[in-house]
Amino acid sequence: MDHRLFMIALALLLGMIAQSLGRRTGIPGIAILLGLGVVLGPDVLGVVHPEQLGPALRDLVHTAVAVILFEGGLALDLKSLRKRGSSIRRLITVGALITAIGGTLAARYWMQWSWRLCFLFGALVIVTGPTVIQPIVRRIRLLPRLATVLEAEGVFGDAIGAIVAAVVLEVVVDWHGDAFAIGALGLLSRLAFGTAAGLVGGFFVGALLRSKRSIAEGLENVFVLAYVLVLFEGSNLLLPESGILSITVAGLTVGNMGIQRLGKLRDFEEQLTVMLIAMLFVLLAASVRTAEVVSLGFNGLMTVLTLMVVIRPIAVWASTSGSRFNLRDKLFLSWMAPRGIVAAAAASLFAEVLLASGESKASELRALVFLLIATTVVVEGLGAKTVATLLRVRVPISGYLIVGSCGIGLALARLLRKAGETVIFVDSHPDAVIMAEDAGFSAIHGNAMDSEVLRMAGAGSRRGLIALTSSEEVNMLVARKARKEYKLGNAWVALRRGHQSITPLDVEKEELNVLFGQTRYHEFWNIEFERGFATVEWWKPSKVTRDTIVELIEQSVDLFLPLACGIKERVLPMSKDCGTKIDRVAVAIAGGRESRVHKWMEQNGWVLVG
């Protein structure tokens, strides 16, 4: 039996369990992965021994980083980047330089290392971590201007920082009179070549994706994955260490070409990234001895704190000087600089090279980088929501996003708007968008399964999403996607009467709400509203229990449509979870049914209030 393959498989499985646990608890997944790696490693259970993988671990890390940074570039919006371009450029240049110098001096002062080891540490801590920052930003609903800067700094900072660190390693390991000049030339050539290769490679694969005849339907995702790996390794073959920038630029290029089939590719790349991070962090954390981290002691902790509370604020203030960021913005940017997979991978690989060259403190370098990763991820990750709330840099929650502009949707939107809620529609049909705009609502033409469309609609700042298209499958997928990506507190799924592809039980298992509490005849009600036959009335119950609401929902299927429930000043879409605190219900009545509905409502203890 090949124990190495079992070790990789085990790390992957347990890593994914840790990621899932992190999403459910709100604890940064990487913090759990680091702890898991230590537990599985030689110091505790002794199940995972990364050193047994030999050079294969290095190849695995290189491949994973390529996929991770391509996905990071793919998620960036060029329009948003342009708005904050000056601050982003200065953060990844001036800010990176300040961080490198500060990290070098901090290590020299506190750790008393040799200058070459301090220079390497300074180069390693330039990077932040897009795979850490992005989940945090989405979870706390950070203001877009700050989210854009942090995500861009993470993606580009990782690519540029990795190249800088590789060049510094070459210089300090093989130092001679011309080493600095050669290193500077090598850095510039890698940056230039990586950017050019990424632009050309990105436009080429983007053109293939645009053409429906170029790649067989259903194979787009795996084709792009194979292409990314070839671009990465090909760039490195032509100019070592240039691949990391080329695939980052390629991802940014593809992500901003307006390709219709990009939504599935983004989801595929995101899942791959989560999987690879889960596996790699377990393996890399297991390669660090607990005793090495503990031996760093007070001086190691002070080095980390110096980077967090002194160097990071200086870098942010210098990079955002003269920008439109206010004091609160700068304070939050100063708080957020968690390190991620690139720092961990580079530290592990550099430790191997330094040990081979006779550097006795190479293991300390790796241990200090992992201490920095663990501290920043845990402290900054867990404290991000509290800090963002205190600084008032979170997007306020308000309004609803309705997917599917139709007669029912517009009627429900009018009720919500009258209660003071903002409503925005998303629909893939131009005529439906025009209909929503004619009714006085904001509307976006696009596919709600596209993450970019949801972002444009402000999904992260909404009280909830109402999926009201003619397809139950689409409604379910959109609601699930919005809950997953934007942590929406509520999502409602519309189900059509007579269709059994998705049942109310299926919706409830996903912890979603069934819109209107039950399957409904949506086509009938859409026609009633669009022709102006339906009327909406508010009714107040004489006594409210859960059975009262359930009975209203169940008995109304063939008689009327319960649209919304009112709780004091608030109005919510109707569902079985409206609860016993409601004080009124809005019901839609089809033309000619008024007397029947009034009779039923009065017999069951309801009073007409408007």
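Which residues is asparagine 513 in contact with, leaving aside its neighbours within four places in sequence? Select asparagine 513 in this predicted model and display what surrounds it: Asn490, Ala491, Trp492, Val493, Val507, Ser575 and Asp577 are the residues in contact with it once those neighbours are set aside. Asparagine 513 has its place in strand S6, which covers residues 513–514, and it counts as buried, at 10% relative accessibility.

Zoom out next to the whole chain, which has 24 helices and 11 strands. Its radius of gyration is 28 Å, close to the 25 Å that the globule rule gives for 610 residues, so the chain is as compact as a globular protein of that length. The C-alpha trace spans about 95 × 60 × 55 Å along its principal axes, and 56% of the 610 residues count as buried. Of the contacts between residues at least 6 apart in sequence, 75% join residues at least 24 apart.

Now turn to the salt bridges, of which the count comes to 14. Select glutamate 153 and arginine 312, whose closest N and O atoms are 2.7 Å apart; because glutamate 153 lies in helix H8 (residues 144–173) and arginine 312 in helix H13 (residues 290–320), the pair ties together parts that are 159 residues apart in sequence. Glutamate 153 counts as buried at 6% relative accessibility, and arginine 312 is buried as well, with a relative accessible area of 8%.

Stay on helix H8 and select glutamate 170, which forms a salt bridge with arginine 190, the closest N and O atoms being 2.9 Å apart. This pair links glutamate 170 in helix H8 to arginine 190 in helix H9 (residues 179–210), 20 residues apart. Here glutamate 170 is partly exposed, with a relative accessible area of 40%, whereas arginine 190 is buried, at 6%.

Glutamate 364 and lysine 361 are the next pair to select, their side chains meeting in a salt bridge at 3.6 Å, N to O; glutamate 364 counts as partly exposed at 24% relative accessibility, as does lysine 361 at 32%. Then select Glu472, Arg496 and Glu523 together, which salt bridges with shared partners join into one network.

For the surface, select Phe6, Val38, Val39, Val44, Leu45 and Val47, which form a nonpolar patch with about 490 Å² of accessible area together. Phenylalanine 6 is found in helix H1 (residues 3–25) and is partly exposed, with a relative accessible area of 48%.

Finish with the cysteines: the structure holds 0 disulfides, and among the residues to inspect are cysteine 118, buried with a relative accessible area of 0%, and cysteine 406, buried with 11%.

Definitions and conventions: Residues numbered from 1 in each chain as written. Predicted model: local features only at pLDDT ≥ 70, side-chain atom pairs only at ≥ 80, totals over all residues. Heavy atoms only, no water. Patch = residues over 30% accessible without salt bridge, like charges linked within 9 Å, V, L, I, M, F, W, Y side chains within 5 Å. Areas by Shrake-Rupley, 256 points an atom, 1.4 Å probe, with all protein chains shown as cover. Salt bridge = Lys/Arg side-chain N within 4 Å of Asp/Glu carboxyl O. Helix = DSSP H or I, 4+ residues; strand = E, 2+ residues; numbered from the N terminus. Buried < 20%, exposed > 50% of the residue type's maximum accessible area, 1.4 Å probe, protein only. Disulfide = S-S within 2.5 Å. Contact = heavy atoms within 4.5 Å. Rg over C-alpha atoms; globule rule 2.2 N^0.38 Å.
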